[in-house]
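This report describes one protein chain, starting from a single residue and working outwards to the sheet. Please look at the sequence and the structure before reading on.

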Amino acid sequence: AARSVSERPGTVAVDGQSLFYREAAPDGPGARLAVLLLHGIRFSSDTWLQLQTLATLARAGYRAVAIDLPGLGRSKDAVAPAPVGQPAPGAFLKAVWEALGLGAAVLVSPSLSGMYSLPFLLEHSALLKAYVPVAPICTEKFLPEQYARIKTPTLIVYGEQDAELGQASLDKLRHLPAHRVLVLQGAGHACYLDKPDEWHRGLLAFLQQLE
């Protein structure tokens, strides 16, 4: 039976700034695992609400949290940390992680959010139960040897018609030793929008194998 779920918006203070987030979790005792959803430049946590990704994860027993990244969505007043190359974005995401009390959780990172998730993956992989990059930017900023050291289970997702970032990110991310690939046929860069059912099926199948 599908579990009843509760959804709520909230704000969390990170580095003295207020970030907006949405959370969905199963009612009753104990969620299975937390999943943090980041977003691309034209999107926000609202994307995951409208797409039903938050509800789908919660109904399957997961605690799903989607944040609005600094300067975007309802976190417009927050200032983004310094660009990749410095520890700032990775440290910032770690502070988000701790503020939300995620524990060992799964990180879903499309497009723009790669600037946060990749340094976090390389610096704080011990916090990650798994990593789900969806054609993220900034994959070329790191060396194959750096990726090769990361043992985190990874599901590399991209749209078959994403000619630019899909293939480029795959070329770098395939150096992660514990990866598998999900290509959404007939989908573009924001492949989860084009093929939501396939996206949800693939994500849930991957999560189930982590337990």
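Ala 135 has a relative accessibility of 1%, so Ala 135 counts as buried; buried means under 20% relative accessible area, exposed over 50% and partly exposed in between, with a 1.4 Å probe and protein chains only. The model is predicted: local features need pLDDT of at least 70, side-chain atom pairs count only at pLDDT 80 or more, and totals for chains, interfaces and linings use all residues. Residues are numbered from 1 along each chain as its sequence is written, and side-chain values use heavy atoms, with hydrogens and water left out.

Ala 135 sits in the loop between β6 and α5. Helices (H or I, at least four residues) and strands (E, at least two) are DSSP runs, numbered from the N terminus. With neighbours within four places in sequence left aside, the contacts of Ala 135 are Ser 111, Val 157, Tyr 158, Asp 162, Leu 165, Gly 166, Ser 169 and His 189; contact means heavy atoms within 4.5 Å. Ala 135 is 38 residues from Leu 173 in sequence, and their C-alpha atoms are 9.6 Å apart in space.

Leu 173 belongs to helix α6 (residues 165–173), where Gly 166, Ser 169 and Leu 170 are buried along with Leu 173. These residues cover an arc of only 105° around the axis, so they lie on the same side of α6; the arc is that of the directions from the helix axis to the C-beta atoms. An α-helix has 3.6 residues a turn, so residues three or four places apart point the same way. The cover over the buried residues of α6 includes α4 (114–123), β6, α5 (144–148), β7 and β8.

Helix α4 is itself mostly covered, with 8 of its 10 residues buried. Among these are Tyr 116, Pro 119 and Phe 120. The elements covering the buried residues of α4 include α3, β5, β6, α5 and α6. In the loop between β5 and α4 lies Ser 113, which counts as buried because its relative accessibility is 0%. Not counting residues up to four places away in sequence, Ser 113 touches Leu 38, His 39 and Leu 69.

The strands come next. An open sheet of mixed pairing is formed by 8 strands in the order β1-β2-β4-β3-β5-β6-β7-β8. β1 (5–14) and β8 (179–184) each have a single partner strand and stand at the edges, so one side of each has no neighbour in the sheet. On average, neighbouring strands of this sheet are turned by 20° against each other, direction ignored. Two strands pair if DSSP finds at least two bridges between them. Three of the pairings are listed here.

| Strands | Sense | Bridges | One pair of residues |
|---|---|---|---|
| β2 and β4 | antiparallel | 4 bridges | Arg 22 and Ala 66 |
| β3 and β4 | parallel | 4 bridges | Leu 36 and Val 65 |
| β7 and β8 | parallel | 6 bridges | Gly 159 and Leu 184 |

How many residues of β4 are buried? The count is 5 of 5. Arg 63, Val 65 and Ile 67 are buried on one side of β4, and Ala 64 and Ala 66 on the other, so both faces are covered.

Two helices also meet the sheet. Helix α3 (residues 88–99) lies across β1, β2, β3, β4, β5 and β6, running at about 130° to β1. Helix α8 (residues 196–208) packs on the sheet and touches β3, β5, β6, β7 and β8, and its direction makes about 155° with that of β6. Axes are lines fitted to C-alpha atoms, for helices over the stretch in contact, and angles run from 0 to 180 degrees between N-to-C directions.
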